[in-house]
Each structure stands twice: as structure tokens, then as C-alpha cells.
Amino acid sequence: REDNYMANQVLIMVNAADAWIKFSERYTEDALKLMKLAAELEFNTEKQPITPGEVLSAQELLGDLLMKLNNPAEALEAYELNLKIRPNRFNGLYGAAIAAKQSGNIEKAIYYFEALLKLTENSNSDRSELKEAQAFLNQNTS
């Protein structure tokens, strides 16, 4: 079982890396197929209780790739699925907020930007993503 888990983790990483390589070579269909495969493998691989979470999940990477392919509505779906499984991840919340904003879903963009700021409220960070979130909320909320 442990061997299967580790083999799947390697396969997920290889497919995700290959997807970005294909994207850089402008083989966007192949890139999308590989990243969807990585995300599906990750979704169907039960995480071992003692293993750390992913630095970047394949589902987040799928959202990132869909954003690069100018498909924010589908990217939002990928980020939201990821957030259901891995709640309160900085990159997932930020990605969902940007995808919602770019797909014209201001209500969801507000929701995810607010969640991002709440997640980081006790930090002393000056990350550009947080400044962007605050600026968006200042413009879109009263």
C-alpha cells in the first residue's frame, strides 16, 4: 500500500511537470490532458496519514494552467474542488479569487479575497497578492 502511494505521488509529479513542459512548447492540448491526469490521480490517491501535504497540489496546478490558457471559469472549478479537499491554502484561495474575478463572478471573488485576508490577518506579510486582495475589496465592497 505504501509502495502504491509513493508510486502514485511520483506519477502525479511527473505528469504535472510534463504538462508544464508541453505548455512551454505550445502543445496546450497535451499539457491540459497531462495536468488533468495528474489532478485525477491525486484526487483518487488516498493520502497517507503521516505524509505531509503537497507544496502545490495537482488540482491547483490545473487551475494555474487553465488560467494561463485563458479559461478562468474552468480554473475556478479546479480551485474550488481543491479547496474542498485542501481548505485554506493560500495559493488555492488566491487562485480562486483571481479566476472568479476574471470570469466576472465578483461575488465569489469577494468571498475568496476575504478568505485570503482572513487567513493571513495575523501575519506581517507584504505579499503583492494581499495588497491586490485589499485593493479589490476596497473597490467592490462598501
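Helices here are DSSP runs of at least four residues marked H or I, numbered from the N terminus. Keep that in mind as you click around, and remember that this is a predicted model.

**Stop one: the pocket.** Start with the second largest pocket, which has a volume of about 200 Å³. To see its walls, select L56, E60, D64, M67, Y79, F90, N91, Y94, G95, I98, R127 and E129, the residues that line the pocket. Now colour α3 (58-68) and α5 (90-102): each of these helices supplies at least two residues of the lining. Which helix gives the most to the lining? That's α5, with five residues. Colour the lining by class and you'll get six nonpolar, two polar and four charged residues.

**Stop two: a pair of helices.** Stay with α3 and add helix α4 (residues 72-85). The two pack at an angle of about 170°, with their axes 8 Å apart. Angles over 145 degrees count as roughly antiparallel, so α3 is roughly antiparallel to α4. For the contact itself, show Q59, E60, L62, G63, D64, L66 and M67 on α3, then P72, E74, A75, A78, Y79, L81 and N82 on α4. By class, this contact has eight nonpolar, three polar and three charged residues. Some names should look familiar: E60, D64, M67 and Y79 are among the pocket's lining residues too.

**Stop three: the rings.** The structure holds three aromatic pairs. For one of them, select W20 and F23, an edge-to-face pair with 5.8 Å from centre to centre and 90° between the planes. Where do these two sit? Both lie in helix α1 (residues 2-24), three residues apart, or about one turn of the helix.

Note on methods. Residues numbered from 1 in each chain as written. Predicted model: local features only at pLDDT ≥ 70, side-chain atom pairs only at ≥ 80, totals over all residues. Heavy atoms only, no water. 1 Å grid on protein atoms, 1.4 Å probe; cavity = no way out; pocket = protein on both sides within 12 Å on 5 of 7 lines; lining within 4 Å. Points joined across faces, edges and corners; volume = space filled by probe spheres on them. Nonpolar A, V, L, I, M, F, W, Y, C, P; charged D, E, K, R; others polar. Axes fitted to C-alpha atoms, helices over the stretch in contact; angles between N-to-C directions. Parallel < 35°, antiparallel > 145°, perpendicular 65-115°, else oblique. Contact = heavy atoms within 4.5 Å. Phe/Tyr/Trp six-rings, centres within 6.5 Å; stacked < 30°, edge-to-face > 60°.
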